[in-house]
Amino acid sequence: MQLKTINDYLQLFWSFFKIGAFTFGGGYAMISLFQREVVERKKWVEEKEFLELLAIAQSAPGPIALNTAIFTGYKTKGVWGSVAAAFGMALPSFMAILLIVYFFTDFKEQPDVERVFKGIRPAVVALIVAPLWKMGKTAGISLKTIWIPAGVILLIALLGVSPVYVILGTILAALCSVILKRS
C-alpha cells in the first residue's frame, strides 16, 4: 500500500509515536504493538512480510524498534516516510530521557519507585513472549520443528554459546543441506 498525502506522513509519525510512548522494555517488547499497528490495523505490510522486516531490522545496526520504524516508513512512503516513522519512534524516548535526567535523579533511591520498576518487569516479559508465540506460528514452527528454537535457546541461554556461532552453524547446516539435495 503506497501512501499519498501529508496526512499519511502524520499517520506514520503518530503510529510510531504511540508505540514508542507506551511501551516499556525496549524493542522486543514493542514487537506485538508493531504487529498490531502495522499489520492488523493499518495493513501497511502483510504478516509474512512483517517477519522478514523484523529479521532485517534485527540484523541491521541500531535498535530494532527504530530499524523497524524506518523500514516500515520506507516501504509505505519512501525516504520521507522513513524519516517520519523514525522521528515518531525516537521522540518519546528522547522526551522520556530528558524528563528522567531532570527529575529521576531525585527519586531513583526511593523504595516506591524501585517497586514500580520491579512490577513492570513481568509485564515486559509477557510483551516479548506474546509476539514470539504468534511469529512462531507464522514461521511454520510445529510440534515436529519446535526442537530447533528450543535447542537454540538451550545453546545460548544455558550453555553460553554466542549467537554468532549459532547463526554461522545454521548457515553451514543450510549450505550442507542444499549441497546434499543437489547431489
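## Exercises on an all-helix model

The largest nonpolar core holds 22 residues, and Phe16, Phe34, Phe50 and Met89 have the most contacts inside it. Such a core is a set of buried Ala, Val, Leu, Ile, Met, Phe, Trp, Tyr and Cys residues joined through side-chain atoms within 4.5 Å; buried means under 20% relative accessible area and exposed over 50%, with partly exposed in between (1.4 Å probe, protein chains only). The model is predicted, so local features need pLDDT of at least 70 and side-chain atom pairs pLDDT 80 or more, while totals for chains, interfaces and linings use all residues. Residues are numbered from 1 along each chain as its sequence is written, and side-chain values use heavy atoms, leaving out hydrogens and water.

**Exercise 1. Find the elements that give two or more residues to the largest nonpolar core, and the one that gives the most.**

Step 1. Start with the helices: the protein has 7 of them and 0 strands. Helices (H or I, at least four residues) and strands (E, at least two) are DSSP runs, numbered from the N terminus.

Step 2. Two or more core residues come from each of α1 (6-21), α2 (27-41), α3 and α4 (64-107). The most come from α4, with 6 residues.

Step 3. Now look at Met89. Leaving aside neighbours within four places in sequence, Met89 is in contact (heavy atoms within 4.5 Å) with Phe16, Phe17, Ile19, Gly20, Met30, Phe34, Ala65, Leu66 and Ala69.

**Exercise 2. Work out which residues of α3 are buried, and why they lie on the same side.**

Step 1. Helix α3 covers residues 47-59, 13 residues in total, and reaches 19 Å from its first C-alpha to its last. That is close to the 18 Å expected at 1.5 Å a residue, taken as 1.5 Å times one less than the number of residues.

Step 2. The buried residues of α3 are Glu47, Phe50, Leu51, Leu53, Leu54 and Ala57. They share a side of α3 because they cover an arc of only 160 degrees around the axis, judged by the directions from the helix axis to the C-beta atoms.

Step 3. An α-helix has 3.6 residues a turn, so residues three or four places apart point the same way.

Step 4. Turn to the face away from the buried side of α3, and you meet the exposed residues Lys48 and Ser59.

**Exercise 3. Describe the overall dimensions and burial of the protein.**

Step 1. Along its principal axes, the C-alpha trace spans about 65 × 50 × 25 Å.

Step 2. Of the 183 residues, 29% count as buried.
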